[in-house]
Amino acid sequence: MPKPSKTRLVKAAWQARERAVAPYSRFQVGAALLTRRGRVVTGANVESASYGLTCCAERVALFKALTEGEKEFVAIAVVARSDGGAMPCGACRQLLAEYAPDAKVWIADARRPERVREFSVKELLPGPFVSLES
Ligand code: THU
C-alpha cells in the first residue's frame with residue numbers, strides 16, 4: 001500500500017489535472033509538489049496557440065512553489081491519462097534537477113491512481129548541468 005503522503009500527493013495531482021488548459025493536445029496533466037515543510041503546491045499544463053510556449057504541469061507547479069518561497073522538495077506526483085502515467089519531459093527533468101534534486105517522482109495513470117511508479121530525479125537526469133561555476 002502507498003504511504004499516506006504518496007496517496008495524498010497523487011490525489012492532489014489528480015485534482016490539479018482537471019484544471020489543465022490543454023485545448024490543442026487535449027492531453028491533461030496534473031502535478032503536485034510536496035515541500036519539506038509539508039505544503040502541497042499543484043500545477044497543470046498550460047498550452048498556447050504558439051505551441052512551443054506550452055508549459056508542462058511539473059514546471060507550472062515548480063514555478064508556483066519557487067515563487068511562493070518554497071526551496072526544498074520531498075516529492076512530485078504527476079498524473080495523466082496514459083498507460084503507466086506520463087514521464088516528465090527533458091525540460092522538466094532539468095528544472096527538477098536544479099531545484100528539486102532530492103525529490104521522489106511519483107507517476108500515475110489518472111485511471112489507476114493507486115498504482116504509482118517511483119523514480120528519483122537523479123535517475124531521470126544523470127549528470128545534470130546545474131551551475132556555471134566549475
Ligand atoms: N505534458 C506535461 O504537462 N507533462 C508531462 O510530463 C508530459 C507532457 C503536457 C505538455 C502538453 O501540454 C501536453 O502534455 C502534450 O504534450
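User: Buried means under 20% relative accessible area, and exposed means over 50%. In this predicted model, does Ala-75 count as buried or exposed?

Analyst: Ala-75 belongs to strand β3, and leaving aside its neighbours within four places in sequence, its contacts include Leu-9, Ala-32, Leu-33 and Trp-106. Its relative accessibility is 0%, and because the cut-off for burial is under 20%, Ala-75 counts as buried.

User: How far apart in space are Ala-75 and Pro-88, C-alpha to C-alpha?

Analyst: Along the sequence, Ala-75 and Pro-88 are separated by 13 residues. In space, taken from C-alpha to C-alpha, the distance between Ala-75 and Pro-88 is 13 Å.

User: Which elements do the buried residues of helix α2 pack against?

Analyst: Helix α2 covers residues 57-67, and its buried residues are Ala-57, Glu-58, Arg-59, Val-60, Ala-61, Leu-62 and Ala-65. Just after this helix, Gly-69 takes a positive phi of about 95 degrees. The buried residues of α2 pack against β1 (29-35), β2 (40-44), β3 (73-80) and α3 (90-99).

User: What share of the ligand's exposed area does the protein bury?

Analyst: The residues around the ligand include Phe-27, Asn-45, Ala-57, Met-87 and Pro-88, and the shell divides into six nonpolar, three polar and two charged residues. Oxygen atoms of the ligand lie 2.9 Å from a side-chain N or O atom of Asn-45, 2.9 Å from a backbone N or O atom of Ala-57, and 3.2 Å from a backbone N or O atom of Met-87. Taken alone the ligand exposes 370 Å², and the share of that area which the protein buries is 79%.

User: How many disulfides does the structure hold, and why is there no bond between Cys-89 and Cys-92?

Analyst: A disulfide needs two cysteine sulfur atoms within 2.5 Å. The closest cysteine sulfur to that of Cys-89 is in Cys-92 and lies 3.8 Å away, which is too far, so there is no bond between them. Cys-55 is in no disulfide either, with the nearest cysteine sulfur, that of Cys-56, lying 6.4 Å away. The number of disulfides in the structure is therefore zero.

User: Which of Cys-55 and Cys-89 is buried, and which is partly exposed?

Analyst: Cys-55 has a relative accessibility of 17%, and because this falls under the 20% limit, Cys-55 counts as buried. Cys-89 has 29% relative accessibility, and because that value lies between the 20% and 50% limits, it counts as partly exposed. The buried residue is thus Cys-55, and the partly exposed one is Cys-89.

Technical notes:
Residues numbered from 1 in each chain as written. Predicted model: local features only at pLDDT ≥ 70, side-chain atom pairs only at ≥ 80, totals over all residues. Heavy atoms only, no water. Near = heavy atom within 4 Å. Polar contact = N/O pair within 3.5 Å; in protein donor to acceptor, adjacent residues only side chain to side chain. Areas by Shrake-Rupley, 256 points an atom, 1.4 Å probe, with all protein chains shown as cover. Nonpolar A, V, L, I, M, F, W, Y, C, P; charged D, E, K, R; others polar. Buried < 20%, exposed > 50% of the residue type's maximum accessible area, 1.4 Å probe, protein only. Helix = DSSP H or I, 4+ residues; strand = E, 2+ residues; numbered from the N terminus. Contact = heavy atoms within 4.5 Å.
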